Amino acid sequence: MSLLSDIINLNLSEVTDKTIAEYIWIGGSGLDLRSKARTLAGPVTDLSKLPKWNYDGSSTGQALGEDSEVILYPQAIFRDPFRRGNHILVLCDAYTPAGDPIPTNKRYDAAKILSHPEVAAEEPWYGIEQEYTLLQKNVKWPLGWPVGGFPAPQGPYYCGIGADKAFGRDIVGAHYNACLHAGINITGINGEVMPAQWEFQVGPSVGISAADQLWVARYILERITEIAGAVVSFDPKPIQGDCNGAGAHTNYSTKSMREDGGYEVIKKAIDKLGLRHKHHIAAYGEGNERRLTGKHETTDINTFLWGVADRGASIRVGRDTEKAGKGYFEDRRPASNMDPYVVTSLIAETTILWKP
C-alpha cells in the first residue's frame with residue numbers, strides 16, 4: 001500500500017507541464033456529487049480557458065438513454081488538495097446540447113436572482129453552517145457508536161474532546177486543511193451536540209460564490225470519507241429519538257443591514273420571511289419535518305418565530321447585532337441536505353425583490 005500511495009502522490013510537475021482538472025457536477029438526486037478528470041496542456045487559472053465537457057446523463061438520472069449527452073459548463077476553479085501542484089477542481093453546472101439548463105441545474109436560476117441589479121447592489125453576504133453525520137461504512141450507524149446501540153446521553157459531545165466524545169476528528173481535521181488548500185473560505189469547524197455529528201462553516205462569501213464553495217466543500221468531505229472508509233450523511237435527522245438533527249443554518253446580511261440603521265432593515269426582512277414561511281420550508285431540504293419538531297433547538301416546522309439570541313427560533317438575531325443596531329441574522333430553518341443555490345437565492349429574492 002505504501003508503494004500505491006507513493007504513486008498516487010507523485011509530483012508530476014517534475015516531469016510534465018500538464019495539469020489534471022477534476023470536473024465536478026451535481027447528479028440527478030440534487031444532492032449526489034459526480035466527478036471525472038481530464039488532462040490539460042498546462043496550468044489554468046482563467047475559467048474562459050477551460051473547455052466544456054460532456055457526460056452520460058442517462059447514468060446519473062438526468063437524461064434519457066436515446067439522447068443522453070449532457071454538457072458541463074465550468075463555473076468555478078479551486079486548487080486540488082488531493083493531487084496538489086497546479087492541478088484543479090472545476091465546479092460545473094449542466095446543460096443540454098442546445099444550451100438550455102437541465103431541470104436539476106439549480107445554479108442557473110440562482111445566478112439570475114443573485115446577479116439581478118437590485119440584489120447585486122445590496123452585496124448579499126452568506127455564511128453557511130453545514131452540519132453532517134459520520135457513519136460507519138458497512139452498517140450505516142454513527143461512527144463511534146456501538147452497532148445497533150447508543151452512546152451516553154447528549155451533553156459532553158458538543159465541542160468535546162477525547163476518544164469517548166469526539167468520533168472522527170481525523171476526518172474533520174483533514175477536511176478543514178483540504179478546504180483551506182482549495183481556496184474555500186472555510187472559517188471554522190466544531191463537534192456538534194449529537195456524537196459523530198460535526199459542523200463546518202463557509203463564509204462570509206458574496207452572492208453565488210457562497211453556494212459554489214459549499215458544494216465543493218461537500219465534495220472534498222465525501223472524497224476524504226471515501227479515503228477514510230467512512231460515510232458522510234447529510235440527512236437532517238439520521239437517528240430518530242432524543243438527539244439533535246442536522247441543519248445548514250444560513251447567516252445573511254445585505255449592505256443596507258450592515259450600515260447604520262441596519263437593524264430596522266433586518267426586522268423588515270424578517271417580517272417578509274415570515275410571510276413566505278411555507279414557501280421557504282418547501283425549498284429548505286427533504287425530510288426537514290423530522291428535524292423541525294420544536295425540540296432540540298428548533299421551532300416547529302409550521303411555526304415562524306424570531307428572537308435575539310434564541311436558538312429555538314426560526315430566525316436568530318445575535319446580541320452583537322442588536323447592540324450595534326446593524327449586522328446580520330441567521331435563518332435556522334434550512335436542513336443539512338438543502339441546496340445552497342436554492343436557499344441563498346430564495347433568501348435574497350424574498351428580502352430584496354419580493355413585494356408583499
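**A five-stranded sheet and the helix across it**

Helix α5 (residues 208–228) lies across β1 (19–26), β2, β4 and β5, and runs at about 115 degrees to β5, where contact means heavy atoms within 4.5 Å, and where axes are lines fitted to C-alpha atoms, for helices over the stretch in contact, with angles running from 0 to 180 degrees between N-to-C directions. Helices (H or I, at least four residues) and strands (E, at least two) are DSSP runs, numbered from the N terminus. The model is predicted, so that local features need pLDDT of at least 70 and side-chain atom pairs count only at pLDDT 80 or more, while totals for chains, interfaces and linings use all residues. Residues are numbered from 1 along each chain as its sequence is written, and side-chain values use heavy atoms, with hydrogens and water left out.

The strands beneath this description belong to an open sheet of five, ordered β2-β1-β5-β4-β3 with mixed pairing, two strands being paired if DSSP finds at least two bridges between them. Its edges are β2 (33–40) and β3 (53–56), each of which pairs on one side only, and the twist averages 40 degrees from one strand to the next. Within the sheet, β4 (residues 69–79) and β5 (residues 88–95) pair in the antiparallel sense over eight bridges, with I71 opposite Y95 in β5.

A separate pairing joins β7 (residues 186–191) and β8 (residues 197–206), antiparallel over five bridges, with G191 standing opposite W198 in β8. These two strands form a hairpin with five residues between them, and A196 in the turn has a positive phi of about 80 degrees.
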